[in-house]
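Reader: I've got this one open on my screen and I'd like a close look at a single part of it. Could you walk me through that part and what sits around it?

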Amino acid sequence: MRNDRYTEGIDIPVLILLVIAALLVLGILAGTLYAFAAGIWPADGAEAAGSRTGNGAAVSGAGIPDTAYLDLGRLRIALAPEAPEQHAAVLLVKAVLPYPAADGPFQEELARKLPDIRQTIRDSLSQKTLAEIRAAPEEELKNGLLDNIRKLLVLGSPQEIFFEEFIFFE
């Protein structure tokens with residue numbers, strides 16, 4: 001190993017780790033500067049409306065500007081049986097409600113009433129049989145759910161509901 005005044009007392013593995021650490025720090029700084037310059041990150045450090053994640057939380061809209069989505073979570077719903085002696089099919093639904101991201105009071109109402117919204121979806125769909133759900137047009141099912149959800153809300157009215165999953169188990 002060559003000893004000179006720059007590497008004297010520093011092992012090569014330690015020097016390599018220092019170089020890697022310096023590159024990581026530079027990469028993080030460059031990414032942060034790019035995010036501020038491109039407007040991806042709010043410059044004032046405030047959290048953007050609807051940017052929380054998790055069950056029932058809002059996620060900012062990727063495709064629609066100024067739209068956030070309330071994640072209603074995954075619901076397992078026992079459907080009405082076709083006949084009394086038959087077992088009921090199970091429907092697995094994962095749905096989201098879009099709403100204006102700038103509407104803070106409506107966002108709070110949606111978050112507060114999330115359990116009621118989930119129960120309304122369960123109640124609405126559990127009254128139907130598998131054959132009824134398969135025969136009904138998707139828009140008819142969505143409109144029925146939206147009508148029931150709108151009855152719960154005072155500060156706003158969702159215009160759409162999206163299904164990320166809609167799976168039957170017979």
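To get my bearings, in what order do the elements of the protein chain run from the N terminus on? After that, please zoom in on helix α3: which of its residues are buried, and what covers them?

Author: Happy to. Keep in mind that this is a predicted model. From the N terminus on, the order is α-β-β-β-α-α-α-α-β, which comes to five helices and four strands. The chain has 170 residues, and buried ones make up 31% of them. If you take contacts between residues at least 6 apart in sequence, 61% join residues at least 24 apart.

A quick stop before α3: the unreviewed UniProt entry lists residues 12-37 as "transmembrane region". In the model that span is 100% helix and 0% strand, with its end C-alpha atoms 37 Å apart.

Now for α3, which covers residues 114-126. Its 13 residues should span 18 Å at 1.5 Å a residue, and the end C-alpha atoms are indeed 18 Å apart, so the two values agree. The buried residues here are Leu 114, Ile 117, Arg 118, Thr 120, Ile 121, Ser 124 and Leu 125. Looking down the helix axis, you'd find them within an arc of 155 degrees, so they line one face of α3. The cover over these residues includes β2, β3, α2, α4 and α5.

Some of those names come back in the largest nonpolar core, a group of 28 residues. Leu 72, Leu 97, Ile 117, Ile 121, Leu 125 and Ile 161 have the most contacts inside this core. At least two core residues come from each of β2 (67-78), β3 (90-100), α2 (104-112), α3 (114-126), α4 (130-135) and α5 (138-150). As a general point, nonpolar side chains in soluble globular proteins tend to be buried together.

Try clicking on Leu 72. Setting aside neighbours within four places in sequence, Leu 72 is in contact with Leu 114, Ile 117, Arg 118 and Ile 121, among others. The list for Leu 72 also includes Ala 95, Val 96, Leu 97 and Ile 161.

Leu 75 sits in strand β2 and counts as buried because its relative accessibility is 2%, below the 20% cut-off. With residues up to four places away in sequence left out, Leu 75 touches Arg 118, Ile 121 and Arg 122, and also Leu 91, Leu 92 and Val 93. Leu 75 and Leu 91 are 16 residues apart in sequence, while their C-alpha atoms are 7.9 Å apart in space.

Back on α3, have a look at Thr 120. Thr 120 has 14% relative accessibility, so this residue counts as buried too. Beyond its neighbours within four places in sequence, Thr 120 is in contact with Asn 148, Ile 149 and Leu 152.

Leu 152 also turns up beside helix α2, where you'll find Glu 109, among whose contacts is Leu 152. Glu 109 is buried, with a relative accessible area of just 1%. The Glu 109 side chain reaches the backbone nitrogen of Leu 155 at 2.9 Å. Leaving out neighbours within four places in sequence, the other contacts of Glu 109 include Leu 153, Val 154 and Gly 156.

So, to put α3 back in one picture: its buried residues line one face of the helix, and what covers them includes β2, β3, α2, α4 and α5.

Notes
Residues numbered from 1 in each chain as written. Predicted model: local features only at pLDDT ≥ 70, side-chain atom pairs only at ≥ 80, totals over all residues. Heavy atoms only, no water. Core = buried A, V, L, I, M, F, W, Y, C linked by side-chain atoms within 4.5 Å. Buried < 20%, exposed > 50% of the residue type's maximum accessible area, 1.4 Å probe, protein only. Contact = heavy atoms within 4.5 Å. UniProt positions renumbered as here; feature names shortened; annotations may be inferred. Polar contact = N/O pair within 3.5 Å; in protein donor to acceptor, adjacent residues only side chain to side chain. Expected span 1.5 Å × (residues − 1). Arc of directions from axis to C-beta.
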